[in-house]
Amino acid sequence: MSTPKLRARELQKFYNGRKILDIKDLAIEKGELCLIVGPNGAGKTTLLMLLSFLDLPDRGEVYYDGINPNGSKSALLSVRRRLTLVMQRPVIFKTTVFKNVAYGLRVRHLRRGLIREKVTRSLSLVGLSGYEDRNALNLSQGEAQRVALARAIAVEPEVLMLDEPTANLDPANIRTIEDLVRLINRELGTTVVIVTHDMLQVRRLGGHVIFLSKGTIIREEWLPQITPQTPSDLWPDEAIEGEMLNLTTFRGKLGTDYPPDVVERRRGTALKPGPENRPANGAPVFPTL
Ligand SMILES: Nc1ncnc2c1ncn2[C@@H]1O[C@H](COP(=O)(O)OP(=O)(O)OP(=O)(O)O)[C@@H](O)[C@H]1O
Ligand SMILES: [Mg+2]
(Lines give C-alpha, C1' and ligand atoms only; values in the text may rest on other atoms or scores of the structure.)
(Ligands and ions follow the chains in the order given, each with its own letter.)
Protein backbone atom coordinates (compact mmCIF):
# COMPACT_ATOMS: atom_id res chain seq x y z
CA MET A 1 0.00 0.00 0.00
CA SER A 2 1.20 3.51 -0.73
CA THR A 3 2.35 5.88 1.99
CA PRO A 4 -0.61 7.82 3.44
CA LYS A 5 -0.67 11.55 2.72
CA LEU A 6 -1.10 12.17 6.45
CA ARG A 7 -0.60 9.82 9.32
CA ALA A 8 -0.93 10.31 13.06
CA ARG A 9 0.50 7.79 15.51
CA GLU A 10 0.02 7.64 19.28
CA LEU A 11 -0.93 11.30 19.14
CA GLN A 12 -1.73 13.06 22.43
CA LYS A 13 -2.46 16.65 23.34
CA PHE A 14 -2.98 18.00 26.85
CA TYR A 15 -4.34 21.32 28.07
CA ASN A 16 -3.91 22.21 31.75
CA GLY A 17 -3.12 18.58 32.55
CA ARG A 18 -6.29 17.38 30.82
CA LYS A 19 -5.94 14.95 27.93
CA ILE A 20 -7.78 16.57 25.01
CA LEU A 21 -6.71 14.26 22.23
CA ASP A 22 -5.65 10.61 22.15
CA ILE A 23 -5.37 9.19 18.63
CA LYS A 24 -3.75 5.78 18.32
CA ASP A 25 -3.45 5.56 14.55
CA LEU A 26 -5.02 7.60 11.80
CA ALA A 27 -4.19 7.45 8.10
CA ILE A 28 -5.52 9.82 5.47
CA GLU A 29 -4.71 8.59 1.98
CA LYS A 30 -3.70 10.76 -0.95
CA GLY A 31 -6.74 12.07 -2.83
CA GLU A 32 -9.13 11.17 -0.04
CA LEU A 33 -12.15 13.18 1.06
CA CYS A 34 -12.02 12.89 4.82
CA LEU A 35 -14.75 14.16 7.13
CA ILE A 36 -14.15 14.61 10.85
CA VAL A 37 -17.36 14.72 12.88
CA GLY A 38 -18.08 14.96 16.58
CA PRO A 39 -19.76 17.10 19.23
CA ASN A 40 -18.50 20.46 20.51
CA GLY A 41 -15.28 20.04 22.42
CA ALA A 42 -14.54 16.60 20.93
CA GLY A 43 -11.10 17.80 19.81
CA LYS A 44 -11.78 18.29 16.10
CA THR A 45 -10.06 21.68 15.80
CA THR A 46 -7.20 20.47 18.00
CA LEU A 47 -6.70 17.49 15.68
CA LEU A 48 -6.77 19.71 12.59
CA MET A 49 -4.15 22.04 14.11
CA LEU A 50 -1.86 19.05 14.67
CA LEU A 51 -2.51 17.54 11.22
CA SER A 52 -1.67 20.89 9.61
CA PHE A 53 1.52 21.25 11.67
CA LEU A 54 0.37 24.56 13.15
CA ASP A 55 0.59 23.08 16.64
CA LEU A 56 2.86 20.48 18.21
CA PRO A 57 1.61 17.29 19.87
CA ASP A 58 2.64 16.54 23.46
CA ARG A 59 3.21 12.92 22.47
CA GLY A 60 3.31 11.02 19.21
CA GLU A 61 3.99 11.95 15.62
CA VAL A 62 2.30 13.30 12.52
CA TYR A 63 3.74 12.28 9.16
CA TYR A 64 3.27 14.04 5.82
CA ASP A 65 4.15 11.76 2.88
CA GLY A 66 5.88 9.51 5.41
CA ILE A 67 8.03 12.27 6.90
CA ASN A 68 7.62 13.90 10.31
CA PRO A 69 8.52 17.55 9.68
CA ASN A 70 8.06 18.69 13.29
CA GLY A 71 11.48 19.67 14.58
CA SER A 72 12.96 20.74 11.24
CA LYS A 73 12.35 24.34 10.20
CA SER A 74 12.94 23.74 6.49
CA ALA A 75 10.79 20.56 6.40
CA LEU A 76 7.99 22.42 8.21
CA LEU A 77 8.12 25.32 5.78
CA SER A 78 8.01 22.97 2.82
CA VAL A 79 4.99 21.06 4.19
CA ARG A 80 3.15 24.24 5.17
CA ARG A 81 3.43 25.45 1.57
CA ARG A 82 1.72 22.29 0.35
CA LEU A 83 -1.11 22.25 2.86
CA THR A 84 -3.72 24.89 3.67
CA LEU A 85 -6.05 25.17 6.63
CA VAL A 86 -9.12 27.39 6.62
CA MET A 87 -9.85 28.01 10.28
CA GLN A 88 -13.21 27.87 12.02
CA ARG A 89 -13.00 31.64 12.54
CA PRO A 90 -11.06 32.61 9.45
CA VAL A 91 -8.48 35.36 9.48
CA ILE A 92 -9.49 38.25 7.22
CA PHE A 93 -7.04 41.02 6.46
CA LYS A 94 -8.09 44.66 6.69
CA THR A 95 -7.92 45.31 2.97
CA THR A 96 -9.75 44.48 -0.25
CA VAL A 97 -11.15 41.05 -1.06
CA PHE A 98 -8.67 40.86 -3.96
CA LYS A 99 -5.65 41.33 -1.69
CA ASN A 100 -7.06 38.86 0.82
CA VAL A 101 -7.32 36.17 -1.83
CA ALA A 102 -3.99 37.11 -3.47
CA TYR A 103 -2.06 36.80 -0.20
CA GLY A 104 -0.65 33.28 -0.64
CA LEU A 105 0.15 33.92 -4.30
CA ARG A 106 2.12 37.05 -3.47
CA VAL A 107 4.07 35.21 -0.78
CA ARG A 108 4.98 32.70 -3.51
CA HIS A 109 6.11 35.57 -5.80
CA LEU A 110 3.81 34.77 -8.73
CA ARG A 111 3.69 37.32 -11.53
CA ARG A 112 0.90 39.90 -11.45
CA GLY A 113 -1.12 38.64 -14.40
CA LEU A 114 -1.16 35.12 -13.03
CA ILE A 115 -2.19 36.37 -9.58
CA ARG A 116 -5.13 38.25 -11.10
CA GLU A 117 -6.16 35.19 -13.10
CA LYS A 118 -6.06 32.87 -10.07
CA VAL A 119 -7.85 35.34 -7.77
CA THR A 120 -10.65 35.82 -10.32
CA ARG A 121 -11.04 32.06 -10.77
CA SER A 122 -11.02 31.35 -7.02
CA LEU A 123 -13.62 34.04 -6.30
CA SER A 124 -15.81 32.68 -9.05
CA LEU A 125 -15.53 29.15 -7.61
CA VAL A 126 -16.75 30.29 -4.18
CA GLY A 127 -19.56 32.34 -5.75
CA LEU A 128 -18.03 35.78 -5.09
CA SER A 129 -17.29 37.08 -8.58
CA GLY A 130 -17.20 40.86 -8.66
CA TYR A 131 -16.25 41.20 -4.98
CA GLU A 132 -12.59 42.05 -5.75
CA ASP A 133 -12.65 45.71 -4.69
CA ARG A 134 -14.85 45.37 -1.62
CA ASN A 135 -13.44 46.00 1.82
CA ALA A 136 -13.15 42.52 3.34
CA LEU A 137 -13.97 43.81 6.82
CA ASN A 138 -17.49 44.78 5.73
CA LEU A 139 -18.40 41.32 4.51
CA SER A 140 -21.00 39.14 6.16
CA GLN A 141 -19.70 36.15 8.12
CA GLY A 142 -20.63 33.77 5.33
CA GLU A 143 -18.95 35.92 2.69
CA ALA A 144 -15.82 36.24 4.83
CA GLN A 145 -15.71 32.47 5.20
CA ARG A 146 -15.85 32.10 1.42
CA VAL A 147 -13.10 34.69 0.94
CA ALA A 148 -10.90 32.63 3.27
CA LEU A 149 -11.75 29.54 1.23
CA ALA A 150 -10.92 31.36 -2.02
CA ARG A 151 -7.55 32.35 -0.51
CA ALA A 152 -6.88 28.72 0.38
CA ILE A 153 -7.75 27.23 -3.01
CA ALA A 154 -5.92 29.97 -4.95
CA VAL A 155 -2.57 28.41 -4.02
CA GLU A 156 -3.72 24.96 -5.20
CA PRO A 157 -2.57 23.03 -2.14
CA GLU A 158 -2.00 19.26 -2.08
CA VAL A 159 -4.08 19.08 1.09
CA LEU A 160 -6.98 21.39 1.86
CA MET A 161 -8.25 21.42 5.43
CA LEU A 162 -11.52 23.11 6.30
CA ASP A 163 -12.78 23.63 9.84
CA GLU A 164 -16.58 23.87 9.60
CA PRO A 165 -16.57 25.66 6.23
CA THR A 166 -20.35 25.85 5.90
CA ALA A 167 -21.38 26.61 9.49
CA ASN A 168 -22.49 30.16 8.69
CA LEU A 169 -23.79 29.66 5.17
CA ASP A 170 -27.29 29.54 3.70
CA PRO A 171 -28.43 26.42 1.75
CA ALA A 172 -27.50 27.83 -1.68
CA ASN A 173 -23.98 28.66 -0.55
CA ILE A 174 -23.60 25.36 1.28
CA ARG A 175 -24.25 23.76 -2.08
CA THR A 176 -21.69 25.98 -3.80
CA ILE A 177 -19.07 24.94 -1.26
CA GLU A 178 -19.98 21.25 -1.40
CA ASP A 179 -19.80 21.29 -5.21
CA LEU A 180 -16.46 23.03 -4.96
CA VAL A 181 -15.16 20.46 -2.49
CA ARG A 182 -16.15 17.65 -4.91
CA LEU A 183 -14.50 19.45 -7.81
CA ILE A 184 -11.27 20.09 -5.94
CA ASN A 185 -11.17 16.58 -4.56
CA ARG A 186 -12.09 14.63 -7.68
CA GLU A 187 -10.90 16.74 -10.58
CA LEU A 188 -7.75 18.21 -9.10
CA GLY A 189 -7.04 15.18 -6.91
CA THR A 190 -6.58 17.36 -3.82
CA THR A 191 -6.76 15.58 -0.48
CA VAL A 192 -9.53 17.31 1.46
CA VAL A 193 -10.10 17.12 5.22
CA ILE A 194 -13.31 18.72 6.50
CA VAL A 195 -14.58 19.17 10.03
CA THR A 196 -18.35 19.33 10.22
CA HIS A 197 -21.23 18.89 12.66
CA ASP A 198 -23.65 18.39 9.84
CA MET A 199 -24.54 14.72 9.37
CA LEU A 200 -26.55 15.59 6.28
CA GLN A 201 -23.42 17.07 4.80
CA VAL A 202 -21.54 13.90 5.67
CA ARG A 203 -24.12 11.87 3.75
CA ARG A 204 -24.14 14.30 0.85
CA LEU A 205 -20.38 14.30 0.44
CA GLY A 206 -19.48 10.78 1.53
CA GLY A 207 -15.89 9.64 1.94
CA HIS A 208 -13.70 8.60 4.89
CA VAL A 209 -15.67 9.57 7.98
CA ILE A 210 -13.96 9.84 11.35
CA PHE A 211 -16.18 10.08 14.42
CA LEU A 212 -14.40 11.83 17.25
CA SER A 213 -15.65 11.85 20.84
CA LYS A 214 -13.78 13.10 23.90
CA GLY A 215 -10.56 13.19 21.93
CA THR A 216 -10.64 9.63 20.61
CA ILE A 217 -11.77 8.04 17.37
CA ILE A 218 -14.85 6.03 18.22
CA ARG A 219 -15.69 4.95 14.69
CA GLU A 220 -14.37 5.17 11.14
CA GLU A 221 -16.52 4.60 8.07
CA TRP A 222 -16.16 4.89 4.33
CA LEU A 223 -19.40 6.21 2.85
CA PRO A 224 -20.04 6.21 -0.89
CA GLN A 225 -19.20 9.45 -2.67
CA ILE A 226 -22.24 10.40 -4.66
CA THR A 227 -21.97 12.22 -7.96
CA PRO A 228 -25.00 14.45 -8.37
CA GLN A 229 -26.28 14.19 -11.94
CA THR A 230 -28.40 17.31 -11.73
CA PRO A 231 -28.53 19.99 -9.03
CA SER A 232 -31.76 18.54 -7.68
CA ASP A 233 -30.30 15.06 -7.29
CA LEU A 234 -29.05 15.86 -3.82
CA TRP A 235 -30.91 19.02 -2.99
CA PRO A 236 -34.62 19.41 -3.41
CA ASP A 237 -35.31 22.70 -5.21
CA GLU A 238 -37.25 23.97 -2.20
CA ALA A 239 -34.11 23.71 -0.09
CA ILE A 240 -32.10 25.77 -2.52
CA GLU A 241 -34.77 28.43 -2.45
CA GLY A 242 -34.56 28.38 1.33
CA GLU A 243 -38.13 27.20 1.78
CA MET A 244 -37.44 23.81 3.22
CA LEU A 245 -35.94 23.94 6.67
CA ASN A 246 -35.97 20.30 7.60
CA LEU A 247 -33.84 18.36 5.18
CA THR A 248 -34.45 14.76 6.03
CA THR A 249 -34.19 13.04 2.70
CA PHE A 250 -32.21 13.07 -0.47
CA ARG A 251 -32.40 10.96 -3.55
CA GLY A 252 -30.23 8.22 -4.85
CA LYS A 253 -30.21 4.71 -6.25
CA LEU A 254 -29.99 1.69 -4.04
CA GLY A 255 -26.98 -0.47 -4.74
CA THR A 256 -25.11 2.24 -6.65
CA ASP A 257 -25.39 5.41 -4.60
CA TYR A 258 -26.03 3.66 -1.29
CA PRO A 259 -24.91 0.40 0.20
CA PRO A 260 -27.79 -2.11 0.37
CA ASP A 261 -28.02 -1.84 4.15
CA VAL A 262 -29.25 1.75 4.28
CA VAL A 263 -32.47 2.40 6.11
CA GLU A 264 -34.63 3.70 3.35
CA ARG A 265 -37.71 5.82 3.24
CA ARG A 266 -39.86 6.83 0.35
CA ARG A 267 -41.15 10.36 0.30
CA GLY A 268 -44.05 10.55 2.70
CA THR A 269 -44.17 6.95 3.85
CA ALA A 270 -41.56 5.63 6.19
CA LEU A 271 -40.40 2.08 5.52
CA LYS A 272 -39.24 -0.11 8.33
CA PRO A 273 -35.81 -1.57 7.67
CA GLY A 274 -36.06 -5.22 6.71
CA PRO A 275 -35.77 -7.40 3.61
CA GLU A 276 -39.53 -7.34 2.93
CA ASN A 277 -39.49 -3.55 2.64
CA ARG A 278 -36.28 -3.24 0.71
CA PRO A 279 -36.62 -1.92 -2.84
CA ALA A 280 -34.82 -3.76 -5.62
CA ASN A 281 -31.27 -2.76 -6.47
CA GLY A 282 -31.24 0.32 -8.68
CA ALA A 283 -34.59 1.56 -7.33
CA PRO A 284 -34.69 5.17 -6.21
CA VAL A 285 -34.42 5.53 -2.43
CA PHE A 286 -34.76 8.36 0.05
CA PRO A 287 -32.62 7.34 3.00
CA THR A 288 -33.50 8.54 6.47
CA LEU A 289 -30.62 10.43 7.99
N1 LIG B 1 -5.70 26.56 23.84
C2 LIG B 1 -6.46 25.84 24.66
N3 LIG B 1 -6.31 25.91 25.99
C4 LIG B 1 -7.06 25.16 26.83
N5 LIG B 1 -8.02 24.31 26.42
C6 LIG B 1 -8.21 24.19 25.10
C7 LIG B 1 -7.46 24.95 24.15
N8 LIG B 1 -7.87 24.61 22.91
C9 LIG B 1 -8.85 23.71 23.07
N10 LIG B 1 -9.06 23.46 24.39
C11 LIG B 1 -10.03 22.50 24.92
O12 LIG B 1 -9.88 21.29 24.23
C13 LIG B 1 -11.13 20.67 23.99
C14 LIG B 1 -11.27 20.41 22.51
O15 LIG B 1 -11.37 21.64 21.83
P16 LIG B 1 -11.55 21.77 20.25
O17 LIG B 1 -11.57 23.20 19.94
O18 LIG B 1 -10.53 20.92 19.59
O19 LIG B 1 -12.99 21.10 20.07
P20 LIG B 1 -13.90 21.01 18.75
O21 LIG B 1 -14.23 19.57 18.59
O22 LIG B 1 -13.24 21.70 17.64
O23 LIG B 1 -15.21 21.79 19.22
P24 LIG B 1 -16.22 22.75 18.39
O25 LIG B 1 -17.18 21.82 17.70
O26 LIG B 1 -16.89 23.55 19.45
O27 LIG B 1 -15.42 23.58 17.44
C28 LIG B 1 -12.18 21.60 24.55
O29 LIG B 1 -12.56 21.12 25.83
C30 LIG B 1 -11.46 22.93 24.67
O31 LIG B 1 -11.95 23.68 25.74
MG1 LIG C 1 -13.71 23.37 16.52
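Two residues are taken to be in contact if their C-beta atoms, placed from the backbone, lie within 7 Å. By this criterion, and with neighbours within four places in sequence left aside, I36 is in contact with K44, L47, V193, V195, I210 and L212. The model is a predicted one, in which local features need pLDDT of at least 70, side-chain atom pairs count only at pLDDT 80 or more, and totals for chains, interfaces and linings use all residues. Residues are numbered from 1 along each chain as its sequence is written, while chains are lettered from A and ligands numbered from 1 in the order in which they are written.

I36 also belongs to the largest nonpolar core (buried Ala, Val, Leu, Ile, Met, Phe, Trp, Tyr and Cys residues joined through C-beta atoms within 7 Å), where I36, L51, A150, M161 and V193 have the most contacts among its 65 residues. Helix α5 (residues 141-154) gives the most to this core, namely eight residues; helices here are DSSP runs of H or I with at least four residues, numbered from the N terminus.

Helix α4 (residues 112-125) offers a pleasing view of packing. Its buried residues (20 or more other C-beta atoms within 10 Å of their own, against 12 or fewer for exposed ones) are I115, K118, V119, S122, L123 and L125. Seen down the axis of α4, these fall within an arc of 155° (taken from the directions from the helix axis to the C-beta atoms), so they line one face of the helix. On the other side, G113 and S124 are exposed. The cover over the buried residues includes α3 (97-107), α5 and α6 (171-187).

Definitions and conventions
Helix = DSSP H or I, 4+ residues; strand = E, 2+ residues; numbered from the N terminus.
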